[in-house]
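This briefing goes through selected side-chain contacts, a pocket and some backbone features, grouped by topic. Please keep the sequence and the 3D view at hand while reading.

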Amino acid sequence: MSFTLFRPIAAPSVIGLADGNNFYVSCERVFAPRLEGKPVVVLSNNDGCVVARSNEVKALGIAMGTPVHEIRALIRRHRIQVYSSNYSLYGDLSARMMTVLGQFAPRVEVYSIDEAFLDLTGFADPALLAYAQGIVQTVRRWLGLPVSIGIGPTKVLAKVANRIAKKQKIAGGVVALLDPDRQAEALAKLDVADLWALARAGRRSYGRWALTPPCGCARARFD
Ligand SMILES: [Mg+2]
């Protein structure tokens with residue numbers, strides 16, 4: 001007697017996380033190319049706090065969520081371009097970005113306005129890297145939006161890989177953490193507070209538990 005009928009459907013073993021770089025700022029730049037290379041911030045609904053920063057603004061040390069009244073002097077000194085948030089614009093470009101991403105993967109799980117997990121199972125390395133770089137180039141060419149893609153065997157590792165791609169400004173915008181040695185190295189350097197749910201849950205309560213691979217959290221997969 002065979003039980004193959006009851007074998008669970010295999011979870012994807014290669015997951016990509018596509019994430020827009022400085023998404024709201026990048027959306028503003030699509031319609032105002034003069035903002036390229038200039039420091040730009042986007043403010044929250046009531047124009048109270050910084051909710052998106054260009055790389056130039058990050059380099060000035062202005063943190064996410066900073067109340068705008070605290071940086072008036074910096075805005076003047078560095079001629080930072082300040083924008084009110086325009087969520088209909090960001091939502092529209094987000095939908096277009098997800099549509100483009102959907103052409104490159106059989107399954108796309110939209111995670112936030114500018115993030116989506118892609119099932120990249122079946123694309124072998126090194127073709128995988130070139131394939132993902134092709135996605136980055138296509139989104140840039142078709143929509144004018146810069147994105148980075150992190151690739152890993154789990155969602156968490158895809159997120160970690162994406163973080164590395166962004167922080168280290170990796171050429172091509174893609175980092176893959178499919179090799180156990182690279183995973184161990186990346187997780188050892190990881191600041192837990194950098195990662196989403198863990199960041200919100202608080203650095204102190206989690207301590208360093210997630211830094212030692214493999215951990216349950218690093219194995220989280222598609223639902
Ligand atoms: Mg983003």
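## Aromatic contacts around helix α4

Tyr90 has a relative accessibility of 0% and therefore counts as buried, since the cut-off for that class is under 20%. The model is a predicted one, and eight salt bridges are found in it. The points below begin with the aromatic rings and then turn to charged pairs, a pocket and the backbone.

**Aromatic rings**

- The count of aromatic pairs comes to six, and one of them joins Tyr24 and Tyr90 in a stacked arrangement, with 4.3 Å from centre to centre and 10° between the planes.
- Because Tyr24 belongs to helix α1 (residues 23-31) and Tyr90 to helix α4 (residues 87-102), this pair ties together parts of the chain that are 66 residues apart in sequence.
- Both partners of the stacked pair, Tyr24 and Tyr90, are buried.
- Tyr90 also pairs with Tyr87, and here the ring centres are 5.6 Å apart with the planes at 85°, so the arrangement is edge-to-face.
- Unlike the link between two helices described above, the contact of Tyr87 with Tyr90 stays inside helix α4, where the two residues are three apart, about one turn of the helix.
- Tyr87 has a relative accessible area of 36% and is partly exposed, whereas Tyr90, at 0%, is buried.
- Tyr24, Tyr87 and Tyr90 belong, together with Phe23, to one aromatic cluster.

**Salt bridges between distant parts of the chain**

- Lys166 and Asp19 form a salt bridge in which the closest N and O atoms are 3.1 Å apart, and this pair links distant parts of the chain, with Lys166 in helix α6 and Asp19 in strand β1 (residues 15-20), 147 residues apart.
- The partners of this bridge fall into two accessibility classes: Lys166 counts as partly exposed at 25% relative accessibility, while Asp19 is buried with a relative accessible area of 11%.
- Glu109 and Lys155 form another salt bridge, with 3.0 Å between the closest N and O atoms, and this pair, too, links distant parts of the chain, since Glu109 lies in strand β5 (residues 108-112) and Lys155 in helix α6, 46 residues apart.
- In this bridge Glu109 is partly exposed, with a relative accessible area of 23%, and Lys155 is buried, with a relative accessible area of 9%.
- Lys155 has a further contact with an aromatic ring, as the residue lies over the face of Phe117 at 5.1 Å from the ring centre.

**A salt bridge within helix α4**

- Arg96 and Asp92 meet through their side chains in a salt bridge with an N to O distance of 2.9 Å.
- Both residues of this bridge, Arg96 and Asp92, lie in helix α4, four residues apart, which is about one turn of the helix.
- Arg96 is partly exposed, with a relative accessible area of 45%, and Asp92 is likewise partly exposed, with a relative accessible area of 36%.

**The second largest pocket**

- The volume of the second largest pocket is about 260 Å³, and of the twelve residues that line this pocket, Ile164, Gln168, Ala186, Lys189 and Leu190 are the closest to its centre.
- The elements that contribute two or more residues to the lining of this pocket are α6 (155-167) and α7 (180-189).
- Sorted by class, the lining of the second largest pocket holds seven charged, four nonpolar and one polar residue.

**Backbone: positive phi values**

- Most residues other than glycine have a negative phi, and most peptide bonds are trans.
- Asn22, which is not a glycine, has a positive phi near 45°, and its place is in the loop between β1 and α1.
- Arg79 also has a positive phi, of about 50°, although this residue is not a glycine, and Arg79 is found in the loop between α3 (72-78) and β4 (81-84).
- The two residues fall into opposite accessibility classes, for Asn22 is buried with a relative accessible area of 14%, whereas Arg79 is exposed with a relative accessible area of 65%.

Note on methods. Residues are numbered from 1 along each chain as its sequence is written. This is a predicted model: local features need pLDDT of at least 70, side-chain atom pairs count only at pLDDT 80 or more; totals for chains, interfaces and linings use all residues. Side-chain values use heavy atoms; hydrogens and water are left out. Rings of Phe, Tyr and Trp (its six-membered ring) pair if their centres lie within 6.5 Å; planes under 30 degrees apart count as stacked, over 60 as edge-to-face and the rest as tilted. Buried means under 20% relative accessible area, exposed over 50%, partly exposed in between (1.4 Å probe, protein chains only). A charge sits over a ring if NZ of Lys or CZ of Arg is within 6 Å of the ring centre and within 35 degrees of the ring normal. On a 1 Å grid over the protein atoms alone, a cavity is a set of points where a 1.4 Å probe fits but cannot get out, and a pocket is an open set with protein on both sides within 12 Å along at least five of seven lines; lining residues have an atom within 4 Å of a point. Grid points are joined across faces, edges and corners, and a volume is the space filled by probe spheres set on the points. Ala, Val, Leu, Ile, Met, Phe, Trp, Tyr, Cys and Pro count as nonpolar, Asp, Glu, Lys and Arg as charged, and the others, Gly among them, as polar. A salt bridge is a side-chain nitrogen of Lys or Arg within 4 Å of a carboxyl oxygen of Asp or Glu.
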